[in-house]
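Here's a quick tour of a few local features worth finding in the viewer. Have the chain open alongside as you read.

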Amino acid sequence: MSESDQPEPDAPADSEEATANAQLFGVWDIVEMEYADPSTQRYINVTPIAHTMGRHASKQFKKSEISVVERLVNRLMQSEDNTGQKQKAMKIVKEAFELVHERTEENPIQVLVTAVENAAPREETVRLKYGGISVPQAVDVAPQRRVDQALKFIADGTASGSYKSTTSAAEALAQQLVGASNYDVQTYAISQKEERERVAEAAR
């Protein structure tokens with residue numbers, strides 16, 4: 001058979017279409033996410049990749065381009081038990097997503113997005129010095145920092161909920177995600193947000 005008679009190889013699939021059809025952990029769809037807060041939408045990125053091998057680490061301000069799920073995994077690693085153990089942290093998130101789906105029958109990625117939006121503080125305080133006096137002053141929080149703080153609150157709530165407790169880390173994370181998505185003020189992440197905003201309101 002001559003080269004002209006040989007069948008042409010299939011054209012590679014469009015990368016964007018392939019990404020859209022991919023699933024996080026091989027289970028959860030990432031399409032049609034709903035965002036209630038337009039100010040933080042561009043900083044809550046959802047992709048089917050939960051481990052980018054640190055490709056963003058050398059680039060300033062590139063963290064918002066990686067998946068919010070990986071950013072949550074990285075936050076969970078910032079604890080004494082999970083330091084440097086990304087596979088362990090990913091397993092915690094994967095198990096927590098399964099628990100969230102069992103309890104809510106919703107896509108756990110959508111629950112995470114809603115939880116981050118709800119737990120993101122809109123105001124906080126800074127210290128301004130006038131002469132020798134330090135005065136608290138309320139300031140608006142930048143959208144990127146709002147997402148950072150929300151992920152921190154969720155991770156801290158997971159750590160405190162599972163530390164020296166029979167509650168597993170996956171169970172504690174699932175409780176934080178479901179509670180924050182429902183804006184339950186008893187949830188650590190929401191209580192921290194409310195406290196930040198209460199202090200800022202008093203400092204106006």
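Start with glutamate 123, which stands opposite aspartate 140 in β4. Keep in mind that this is a predicted model. The two strands here are β3 (residues 123-130) and β4 (residues 133-140); they run antiparallel and are joined by eight bridges. Two residues sit between the strands of this hairpin, and glycine 131 takes a positive phi near 70° there.

Next, the aromatics. How many aromatic pairs does the structure hold? Just one. The ring centres of phenylalanine 25 and phenylalanine 97 are 6.3 Å apart with the planes at 65°, so this pair is edge-to-face; the cut-off for that label is over 60 degrees. The pair links distant parts of the chain, with 72 residues separating the partners. Phenylalanine 25 is in the loop between β1 (23-24) and β2 (28-29), while phenylalanine 97 belongs to helix α4 (residues 86-104). Phenylalanine 97 has 0% relative accessibility, so it counts as buried.

Now for a couple of backbone oddities. Glutamate 32 has a positive phi although it is not a glycine, and glutamate 105 likewise has a positive value in a residue other than glycine. Here they are together:

| Residue | Phi | Place | Relative accessibility |
|---|---|---|---|
| Glutamate 32 | about 60° | loop between β2 and α2 (38-41) | 73%, exposed |
| Glutamate 105 | near 60° | loop between α4 and α5 (108-119) | 69%, exposed |

Why do they count as exposed? Glutamate 32 does because its relative accessibility is 73%, and glutamate 105 because its value is 69%, with the cut-off for exposed being over 50%.

Terms used:
Residues are numbered from 1 along each chain as its sequence is written. This is a predicted model: local features need pLDDT of at least 70, side-chain atom pairs count only at pLDDT 80 or more; totals for chains, interfaces and linings use all residues. Side-chain values use heavy atoms; hydrogens and water are left out. Two strands pair if DSSP finds at least two bridges between them. Helices (H or I, at least four residues) and strands (E, at least two) are DSSP runs, numbered from the N terminus. Rings of Phe, Tyr and Trp (its six-membered ring) pair if their centres lie within 6.5 Å; planes under 30 degrees apart count as stacked, over 60 as edge-to-face and the rest as tilted. Buried means under 20% relative accessible area, exposed over 50%, partly exposed in between (1.4 Å probe, protein chains only).
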